[in-house]
Amino acid sequence: MSTVTTADHHDEHHDHKPTGIKRWLFTTNHKDIGSMYLIFALVMFFIGGAMAMVIRLELFQPGLQFVDPQFFNQMTTVHGLIMVFGAVMPAFTGLANWMIPMMIGAPDMALPRMNNWSFWILPFAFLILLMTLFMPGGGPDFGWTFYAPLSTTYSNDTTALFVFSVHIMGISSIMGAINVIVTIVNMRAPGMTWMKMPLFVWTWLITAFLLIMVMPVLAGVVTMVLTDKYFATSFFDAAGGGDPVLFQHIFWFFGHPEVYIMILPAFGIISAIVPTFARKKLFGYASMVYATASIAILSFLVWAHHMFTTGMPVFALLFFMYTTMLIAVPTGVKVFNWVATMWRGAMTFEVPMMFALAFIVLFTIGGLSGVMLAITPADFQYHDTYFVVAHFHYVLVSGAVFSIVAAVYYWLPKWTGHMYDERLGQMHFWCSLISVNLLFFPMHFVGLAGMPRRIPDYALQFADFNAIISVGGFLFGLSQLIFVWVLIKCARGGEKAEARAWEGAEGLEWEVPSPAPYHTFDTPPEVK
Amino acid sequence: MNAKQTLIGKLSLLVVAMFAFGYALVPLYEVFCDITGINGKTASEPVSAEEAIVDTSREITIEFIARPNQQMPWVFKPEVRRMRVHPGEIHIMNYVAENPTLRSIVGQAVPSVSPGRAALFFHKIECFCFTQQYLAGGNDMLMPLQFYVDPALPAQYSTITLSYTLYDVTDQWQPEAQDNLSELGE
């Protein structure tokens, strides 16, 4: 036996780990990597949020006050990219890393070294993206959807860096997704059959398949943009026989499943939290699994509802309108099941439950505006207005982000071993709830009245609503500082959390002590 | 362990396949649009002038739109704005191009037909859009289009709009086309 193998042996079976920066750089532990993903996502949430604050500052009053239009466009673009690829997706990956092995009774992720790699390339992707803002010509300013020819003929010289950073984000997501699938398929504890898996695991499994199916398509479309701009190909250039509408088809073939990548894990989180605080089993477990799978399959058949105004034939308009509306059915099943789970439950209203309840209500509002947008003739009026902005912020902020916050509050005792400060948490919740509606609800009105998105100025009649929206925006941004305060306070100390931190909590993650030891389930548990 | 590696292999293959699929969407889109004609693209190859039976029972209005792309300094317009034709009749229509700059510029016209489905029934026997057009600075020229409307055009279409956008493709000019264009030039 050489000394090296002895050291390895030693590392694997005890809580011994390298200290300082090396622990974090070289770690292959799913809990360390999960924490890094979550902290990274939080940092990105604040960077992307700061950009939103610039946008709201400029739109506080009509006219141009603070930033020039080109910089405004860079802010809307990079805000979108960072929130989608830097905040929401890594936060879900972080939760997957932390919770999936513990939920299925596995000692770690299946591919721990790749796990390390898929996290550590991510900061570089965003460094490259953020760097472009300080370069001559500025960062990407063509919207996060980078439609050609805006991103080809009319884009600035830093577009190549934008493309590379998207490539790196894509590679990171794909590696993370492969890891999740291999872990779930191969490493479940004995007795953990498919239909016994917690819904968070189910939704993540399906999300991982979506990631593997569409992230390569995104990589392809950015590569086409790259070669169109720099290597004289004409994928999207009509002069050379290409078609700019083709860009939209390929982009949204990725883009629509991407929307569900950002919401399916949220469904899993809510399906874990609601039964805990209603102290009842989840209503309709099997229908939840099937609904998630149907949403995932349907997500590949609806992409052109983003393109109703491009001049499609009536047949295509109808096809995409109907398939889009069909998605409301499985989504409705989910909302119904959550409500039915709460029915006659012994409910208590701790912070995770409050965020979960807000999710159910506000996500449904976002879903309903989605159904409005799906109506083709109506969409001609709503297209590219603030109504669309209101819709996707309701599903992504008060949907995805609220679910992530709920998940953090829910599992924080398990991670830190301490209960968070309930009073501060409630304050964070109420401030967030009020400000998020102040921020996004009036956007419906200005959108219906015709205010276009992505424009730094607006007609005078929108001034009052925009002032309200901006105030809501600033308050929402400030409210998130309470969240950071709660997190720091909880990491440092607080009431000792029990193994089962919540009275009604079910699942393997609550069988291990709080805080979860560095290595859990070295010997697989028996699931009955 | 082995099951794990097989799964990793399969998933990696899926990633590669989906990347390829992204690229495959380009020709698929072309073929799909060619067959259905839904994006209003007309054929980029001439059709032979068949002796089509002229259907004198109905008239179709053809509207001509022409515009240079933003970066294209040429003046570019059709000689007439609209024409009424019987399906099957062969017509010639001229477009005027003028290069007001001092440098030679090569243009490429890209057609689009509206309503899109009618594109399948609009046949071009000869068109300046099939090749790149060279025009020396300060010169002008007439660019011909010879076409007929297929008598099989469904009755619901009474007006067809043919729109050309002219792009500056001087950068991508293929000089082998220079021979037959030299008469126009310097």
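**Exercise 1. Pairing of β1 in chain B**

Task: Determine which residue in β3(B) is the bridge partner of Glu63(B), and describe how strand β1 (residues 60-68) of chain B pairs with β3(B).

Solution. Step 1: In this predicted model, Glu63(B) has Arg82(B) of β3(B) as its bridge partner. Step 2: A further bridge joins Ile62(B) to Met83(B), again in β3(B). Step 3: The pairing of β1(B) with β3(B) is antiparallel and extends over four bridges. Step 4: With strand β9 (residues 159-168) of chain B, β1(B) pairs in the parallel sense, over eight bridges. Step 5: Across from Thr61(B), in β9(B), stands Thr159(B).

**Exercise 2. The sheet of chain B**

Task: State in what order the strands of the open sheet of chain B are arranged, and explain why one side of β3 and of β7 is left without a neighbour in the sheet.

Solution. Step 1: The open sheet is formed by five strands, and their order is β3-β1-β9-β5-β7 in chain B. Step 2: The pairing within this sheet is mixed. Step 3: β3 (82-85) and β7 (133-135) of chain B each have a single partner strand because they stand at the edges, so one side of each lacks a neighbour in the sheet. Step 4: From one strand to the next, the twist averages 30 degrees.

**Exercise 3. A helix pair across the two chains**

Task: Describe how helix α9 (residues 244-261) of chain A packs with helix α1 (residues 2-36) of chain B, and list which residues meet.

Solution. Step 1: The two helices, α9(A) and α1(B), pack at an angle of about 140 degrees, and their axes are 10 Å apart. Step 2: The angle therefore makes α9(A) oblique to α1(B). Step 3: The crossing in which α9(A) passes α1(B) is right-handed. Step 4: From α9(A), the residues Leu246(A), His249(A), Ile250(A) and Phe253(A) take part; they meet Gly22(B), Leu25(B), Val26(B) and Tyr29(B) of α1(B). Step 5: Sorted by class, this contact of α9(A) with α1(B) comprises six nonpolar residues, two polar residues and no charged residues.

**Exercise 4. The contact between chain B and chain A**

Task: Establish how many residues each chain brings to the contact and which element gives the most to the side of chain B that touches chain A.

Solution. Step 1: Chain B contributes 25 residues and chain A contributes 26 residues. Step 2: On the side of chain B that touches chain A, at least two residues come from each of α1, β5 (105-114) and β9 of chain B. Step 3: The element that gives the most to this side is α1(B), with 15 residues. Step 4: By class, this side of chain B has 17 nonpolar, six polar and two charged residues.

**Exercise 5. The two domains of chain A**

Task: Locate the domains of chain A and characterise the side of domain 1 that touches domain 2.

Solution. Step 1: The domain assignment gives domain 1 (24-214) and domain 2 (263-518) in chain A. Step 2: Their centres, taken over C-alpha atoms, are separated by 18 Å. Step 3: Domain 1 of chain A brings 38 residues to the contact, and domain 2 of chain A brings 42 residues. Step 4: α3 (30-58), α4 (69-104) and α8 (199-230) of chain A each supply at least two residues of the side of domain 1 that touches domain 2. Step 5: The largest share of that side, 12 residues, comes from α4(A). Step 6: The residues of that side of domain 1 divide into 25 nonpolar, 10 polar and three charged.

Definitions and conventions. Residues numbered from 1 in each chain as written. Chains lettered and ligands numbered in written order. Predicted model: local features only at pLDDT ≥ 70, side-chain atom pairs only at ≥ 80, totals over all residues. Axes fitted to C-alpha atoms, helices over the stretch in contact; angles between N-to-C directions. Parallel < 35°, antiparallel > 145°, perpendicular 65-115°, else oblique. Left-handed = near helix turned anticlockwise from the far one by under 90°. Contact = placed C-beta atoms within 7 Å. Nonpolar A, V, L, I, M, F, W, Y, C, P; charged D, E, K, R; others polar. Domains from an automatic or database assignment. Pairing = 2+ DSSP bridges.
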